Amino acid sequence: MKQPISIETQQHALMIAKSTQKEGQTKEQTKLIASGIEKGIAEYKKQQKAKARQSDKARKQQAKHKQHAQHDEPELELELEFDDSNQITPVVWGLICLLALSWLCFAWYIWG
């Protein structure tokens with residue numbers, strides 16, 4: 001079903017046709033030119049609507065893919081593996097010493 005051309009478009013097309021009218025041009029010729037302009041405007045609007053629909057579909061598709069990608073990504077789980085041995089390595093001893101030293105310095109700063 002063909003959509004009727006709006007009155008605003010018809011008036012705009014007639015205005016354009018009259019502004020480009022040549023001397024000796026009849027009213028019928030001007031109306032034919034206005035009709036062609038109307039069809040051009042209608043075709044342009046149709047193309048713009050189609051482009052807008054396509055871009056909207058693409059935008060929705062990207063959002064959908066992004067949402068699926070977020071749900072499909074496995075969550076990183078932090079698993080700590082402990083040895084059965086209860087040995088404290090030199091690195092751990094160093095960290096414990098630094099922690100103790102920082103607390104001692106903090107206490108000295110507050111009360112000293």
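Reader: In this predicted model, is D56 buried, partly exposed or exposed?
Author: Buried means under 20% relative accessible area, and exposed means over 50%. D56 has a relative accessible area of 27%. That value lies in between, so D56 is partly exposed.

Reader: Which residue meets D56 in a salt bridge at 2.4 Å, N to O?
Author: Side chains of opposite charge can pair when their charged atoms come close. In helix α2, D56 has a partner three residues apart, about one helical turn. The side chain that meets D56 at 2.4 Å, N to O, is that of R59.

Reader: Which residues does the salt-bridge network of D56 join?
Author: D56 and R59 meet in a salt bridge. D56 also meets K60, at 3.6 Å, N to O. D56 and K60 are four residues apart in helix α2, about one helical turn. Bridges that share partners thus make one network: D56, R59 and K60.

Reader: What is the N to O distance between K46 and E43?
Author: Both residues lie in helix α2 (residues 27–72), three residues apart. K46 is exposed at 54% relative accessibility, while E43 is partly exposed at 38%. Their side chains meet in a salt bridge, with an N to O distance of 3.8 Å.

Reader: Is W108 buried or exposed?
Author: W108 is found in helix α3 (residues 90–111). Its relative accessible area is 68%. The cut-off for exposed is over 50%, so W108 is exposed.

Reader: How much accessible area does the nonpolar patch with W108 have together?
Author: The patch is on the surface. L99, W103, F106, W108, Y109, I110 and W111 form it. Together their accessible area is about 1000 Å².

Technical notes: Residues numbered from 1 in each chain as written. Predicted model: local features only at pLDDT ≥ 70, side-chain atom pairs only at ≥ 80, totals over all residues. Heavy atoms only, no water. Patch = residues over 30% accessible without salt bridge, like charges linked within 9 Å, V, L, I, M, F, W, Y side chains within 5 Å. Areas by Shrake-Rupley, 256 points an atom, 1.4 Å probe, with all protein chains shown as cover. Salt bridge = Lys/Arg side-chain N within 4 Å of Asp/Glu carboxyl O. Helix = DSSP H or I, 4+ residues; strand = E, 2+ residues; numbered from the N terminus. Buried < 20%, exposed > 50% of the residue type's maximum accessible area, 1.4 Å probe, protein only.
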